[in-house]
Amino acid sequence: MTIIVTVWRPDPEERQAWATHLGQALGNDYQVVTQVDPLARHAAVWAAPEDFFARSPRLQSVFSMGAGVDHLLHHPGLPPALPIYRLEDAGMGEQMARYCRHEVEHVLLHHQRYATQKQQKQWHELPARSPADLTVGIIGFGVLGRRVAAALTAEGYPVRAFVRTAGQRENEGVSLFAGPQQWPAFLAGTQVLILLAPHTAQTHHLVDAQALAMLPGGAWLVNVARGGLIDDEAVQAALRSGHLAGATLDVFSTEPLPVDSAWWTLPQVRITPHVSAVTLVPESALQIARRIHALDAGQDAGATVDRRREY
């Protein structure tokens with residue numbers, strides 16, 4: 001019997017590209033469709049319509065087409081017992097590491113300050129620094145966080161990471177800080193703060209005025225996770241006061257970023273349109289196909305989302 005798999009994205013061309021690659025990876029025992037099918041056993045989705053799950057009553061699994069799963073967890077029609085699976089890396093780790101490494105180097109080499117000097121027609125040499133002089137702190141030490149940490153430690157940056165609970169072993173020279181007791185010390189020693197955590201009820205506005213005050217003066221913020229991790233007003237105030245030297249923002253609470261957003265007007269802010277790690281369809285489709293094959297063989301597919309933790 002042919003097993004039906006539904007793929008859904010709002011854009012029809014993207015949907016067809018996913019269907020093509022997933023169909024090739026799954027093989028002849030599967031039929032991949034680009035419309036809601038009541039007989040579908042599995043689904044790979046992004047931004048599914050509200051009635052998607054009501055019209056797909058036989059689903060046994062649903063896969064996120066991106067690194068984030070909040071679009072599924074907050075879906076009003078998501079069945080309470082339907083297993084959710086996330087992508088793990090699928091080509092995104094290398095992109096994320098390259099993006100973050102570039103932004104940290106931007107800080108290391110004083111590029112933002114030199115850009116300001118250019119506008120003011122000033123010729124002033126700033127003190128040279130080596131990577132060892134710039135400590136990077138990472139919040140979110142999962143698959144992508146570890147890839148970013150490995151890339152930065154290889155360049156000679158001291159790297160620290162904040163994790164939810166103690167007990168994790170050090171990861172190739174990365175200093176780990178765990179729990180609320182170590183939160184102040186983690187921030188106090190961080191000169192470039194990189195956000196890679198999922199957006200959950202616990203991490204919403206994690207970087208607020210109190211957290212920002214714990215960072216050393218002149219720190220730099222990099223957010224490549226979700227816009228809701230930061231309190232926009234608090235970060236903007238820290239930028240205007242000079243406590244934050246600058247910020248690199250790839251994600252925002254509202255996307256696309258509205259034309260009247262204050263973020264556009266702050267000269268210390270570098271903005272990119274959610275491109276730090278773009279989902280690569282061939283690699284992602286292959287990963288999803290492998291997990292579907294495992295499920296249909298009665299095996300553990302891995303990468304299951306814990307709904308209580310929201311990731």
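Guide: Let's start with a yardstick: a residue under 20% relative accessible area is called buried, one over 50% is exposed, and anything in between is partly exposed. Keep in mind as we go that this is a predicted model.

Visitor: Okay, then why is Arg98 called partly exposed?

Guide: Arg98 has a relative accessible area of 43%. That value falls between the 20% and 50% cut-offs, so the label is partly exposed.

Visitor: What makes Arg98 and Glu94 a salt bridge?

Guide: The closest N and O atoms of the two are 3.1 Å apart. The cut-off is 4 Å between a side-chain nitrogen of Lys or Arg and a carboxyl oxygen of Asp or Glu, so the pair counts. Glu94 is also partly exposed, at 47%.

Visitor: Why are Glu94 and Arg98 separated by about one helical turn?

Guide: Because they sit 4 residues apart in helix α3, which covers residues 92-108.

Visitor: How do you know that Arg226 is buried?

Guide: Arg226 has a relative accessible area of 18%. Buried means under 20%, so Arg226 gets that label.

Visitor: And what does the side chain of Arg226 meet in a salt bridge?

Guide: That would be Asp70, with 3.5 Å from N to O. This pair links distant parts of the chain, 156 residues apart: Arg226 is in the loop between β10 and α8, while Asp70 is in helix α2.

Visitor: What about Arg308: why does that one count as exposed?

Guide: Arg308 comes out at 74% relative accessibility, and exposed means over 50%, so the name fits. The side chain of Arg308 meets Asp306 in a salt bridge, 3.5 Å from N to O. Asp306, at 24%, counts as partly exposed. Elsewhere, Arg86, Glu88 and Arg291 are joined into one network by salt bridges that share partners.

Visitor: How many salt bridges does the structure hold?

Guide: There are 10.

Visitor: Let's move inside. Which residues touch the most other members of the largest nonpolar core?

Guide: Leu22, Val192 and Ile194 do, in a core of 50 residues. Helix α3 gives the most to this core, with 7 residues.

Visitor: What is Val192 in contact with, leaving aside its neighbours within four places in sequence?

Guide: Its contacts include Val104, Val107, Leu134, Trp220 and Val222.

Visitor: What lies apart from that core?

Guide: Another core, of 30 residues, including Phe162, Trp183, Leu221 and Ile230. In soluble globular proteins, nonpolar side chains tend to be buried together.

Methods. Residues are numbered from 1 along each chain as its sequence is written. This is a predicted model: local features need pLDDT of at least 70, side-chain atom pairs count only at pLDDT 80 or more; totals for chains, interfaces and linings use all residues. Side-chain values use heavy atoms; hydrogens and water are left out. Helices (H or I, at least four residues) and strands (E, at least two) are DSSP runs, numbered from the N terminus. Buried means under 20% relative accessible area, exposed over 50%, partly exposed in between (1.4 Å probe, protein chains only). A nonpolar core is a set of buried Ala, Val, Leu, Ile, Met, Phe, Trp, Tyr and Cys residues joined through side-chain atoms within 4.5 Å. Contact means heavy atoms within 4.5 Å.
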